[in-house]
Amino acid sequence: MSKSEVPRLLPEIIFLLLVYSQYCNAMKGRIVGGKVCTEEEKHEFTVALTDKSFVVKCGGSLLESRWVLTAAHCCAAMVRLRYVMAGLSTKPVSDYISDSVMVTMIDECITHPNYKQDNLENDIALIRLNKDVSETSTISYVGLPTSKFQGEIHKWCTQALVLGWGWLDFHSRARPSRLQCVTLDVVPTDHCMMKYHSRRDPDSVMCTWNEGKDACKGDSGGPLTCNGILYGVVSFGMKCATRYPGVYTRVDFYLDFIDNAMTSYRGGSTIVQAVTAVVLTAAHCCGAMVRLRYVMAGLSTKPVSDYISDSVTVTMIDQCITHPSYKEEDLENDIALVRLNKDVSETPTISYVGLPTSKFQATAENPTSYKYDVANGIKMIKAFEVRALVMGWGWLDYHTRARPSKLQCVNLDVMCTWIEGKDACKGDSGGPLTCNGILYGVVSFGMKCATRYPGVYTRVDSYLDFIDNEMKSYRACSVAIQAVIIICTSSKGGKDACRGDSGGPLICRGVQYGIISFGILCGEYPGVQTRVDTYLDFIHMTIITRRSDSHLNKGLIVLLIICVNIVILL
């Protein structure tokens, strides 16, 4: 080929090189008009929220070891968040498998109760992580405003720093490989809301605008900081870097929501003797509307807000076993056992409660007496001529709904209890009623609180067979292996997996939760299955590593093909 023919082939050569350039640079870019974050900007609190394939879907801000603040719309079903990656602010996104990066599973996403999906009003949420994220040289917690800012915020915070891994441009949709930072002017909120024809409270949002600079898709939930303090959460805008301002949820407006969500708790319970990972509570506490997740032991002498303490043990709930004859409509047989995913040991602040040795029977030495409220036709059983102790963190008053900071105790008549002006209330459900230090009742229900109606308790001594059978099953299943990594199955009638079934699936509602592992004989002892959800990190990491290797090989093949074509053309 003569030199004169080379210019004729240049367009084709350039085209082939551009194809490869697009392939290699598909993930390069930045926040619109921004730059790669440097040490000058405080960014170590910024976390990436990803799906199961570790694709960044949203941003967030690390508040404490277990809490991330983000946008409520990031928790929508279509986003399907799975992991939080902290310590990634100084690295390429592809380097998430690193000693300085902590990848944590999302345990729960708590959206604001008044969040509106149609117009993104109250677009704020808290993410609870399934394990602690400690501060390091590449990970830090962000500071929150101490109180709601009074006045026009744009006059105090004139410029704000926004961070994220979102699109560099709305049309090209290119993503950055590293965390991007952009400094934006904060503009008056009332003018901003007029542009969007919005009637929301102007104090609940703040707005920014600069020509050619903006947050974009993928930056949602990420931080906006003023002087290093988190004041905004990326919410929405009209495309990216247009004549419309970017809109952010104002953090200082939602401090009560953040504080309440982080210190919230549900129900009460008692650790049962002999088995260190079983808790007795009310069956209605296991209902779908309650959504229990954790058990906190050792909190009886501390404020609820002090649950992050050496003397408090926080344990995840593994399973809630309600009585087989429990009736939700009238709370009959309102008793349940909660299995924990790890043992809770006795300490100076944690102890196991004693159970009755048998069902209480009235005798000449210990007669059962009755107290009648003739006017209202109420018969109240008194198992003993003593008062019982009831404990819980429930409402202090039915009308004000005020909650205590510390565990409350009250002495009441048994077994249905009534004393004027004293009662258990909402939030005490499942908590203990003790007689002479022995657990005889579980808080069940009542008519409002401290009215003329007695409080009703499930009698523990009537359900000793149920408790004993479930705890025996748990003991048999727990031998030599921690319950956190297995699922145990049993069935009356000699049903079980057997030899040759190993490795097969255990399916719950169409989803694989177990892999058949082992058992003793077949059908006589519980069968043991490996829990799939315990090994999700291993599964996803393995898949993604193989996928990354595959992409690398494809890239080399593309480059080889281009080189061969160039040689042929020349």
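Let's start at a single residue: Y196 has a relative accessibility of 16%, so it counts as buried, the cut-off being under 20%. Keep in mind that what you're looking at is a predicted model. Y196 has a partner, F236, and with a relative accessible area of 22% F236 is partly exposed. The centres of their two rings are 5.3 Å apart and the planes meet at 80°, so this pair is edge-to-face. Along the chain, these two rings belong to distant parts: Y196 is in the loop between α3 (189-195) and β10 (205-208), F236 is in strand β12, and 40 residues separate them.

How many aromatic pairs turn up in a search of the whole structure? The search finds 6. Elsewhere, ring pairs join F149, W156 and Y231 into a cluster. Rings can also have a charge for company. The charged end of R128 sits over the ring of Y294, 4.7 Å from the ring's centre. K195, in turn, lies over the face of Y244, with 5.7 Å to the ring centre.

Now go inside. In soluble globular proteins, nonpolar side chains tend to be buried together. Here, the largest nonpolar core has 32 residues, and L63, L69, L126 and I258 are the ones touching the most other members. Which elements supply at least two residues each to this core? They are the strands β2 (46-50), β3 (56-64), β4 (67-70), β5 (83-86), β7 (125-129) and β12 (229-236), plus the helix α4 (255-263). The top contributor is α4, which gives 5 residues.

To get a feel for the core, pick L69 and look around. Leaving out residues up to four places away in sequence, L69 touches L63, L126 and I258, among others. Its contacts also include G60, S61, I124, A125, G221, L230, V233 and V251.

Next come the cysteines. A disulfide is a covalent bond between the sulfur atoms of two cysteines. Searching the whole structure gives 7 disulfides. One of them is formed by C75 and C109, with sulfur atoms 1.6 Å apart. This bond links distant parts of the chain, since C75 is in the loop between β4 and β5 while C109 is in strand β6 (residues 102-111), 34 residues apart. Are these two buried or exposed? Neither quite fits: C75 has 23% relative accessibility and counts as partly exposed, and C109, at 31%, counts as partly exposed too.

Another disulfide joins C157 to C226, with 1.9 Å from S to S. Its S-S torsion is about -75°, so this disulfide is left-handed. Again distant parts are linked: C157 is in the loop between α2 (153-156) and β8 (159-164), C226 is in strand β11 (residues 223-226), and they are 69 residues apart. Both C157 and C226 are buried.

For the opposite hand, look at C425 and C449, joined at 2.0 Å from S to S. The torsion about their S-S bond is about 80°, so the disulfide is right-handed. C425 and C449 are both buried.

Finally, how confident is the predictor? The chain's average pLDDT is 75, and 71% of the residues score at least 70. Over residues 476-484, pLDDT stays under 50, and the model has 11 contacts there beyond four places in sequence. Residues 545-552 are also below 50, with 3 contacts in the model beyond near neighbours in sequence.

Terms used:
Residues numbered from 1 in each chain as written. Heavy atoms only, no water. pLDDT = per-residue confidence, 0-100. Contact = heavy atoms within 4.5 Å. Core = buried A, V, L, I, M, F, W, Y, C linked by side-chain atoms within 4.5 Å. Buried < 20%, exposed > 50% of the residue type's maximum accessible area, 1.4 Å probe, protein only. Helix = DSSP H or I, 4+ residues; strand = E, 2+ residues; numbered from the N terminus. Disulfide = S-S within 2.5 Å. Phe/Tyr/Trp six-rings, centres within 6.5 Å; stacked < 30°, edge-to-face > 60°. Lys NZ or Arg CZ within 6 Å of the ring centre and 35° of its normal.
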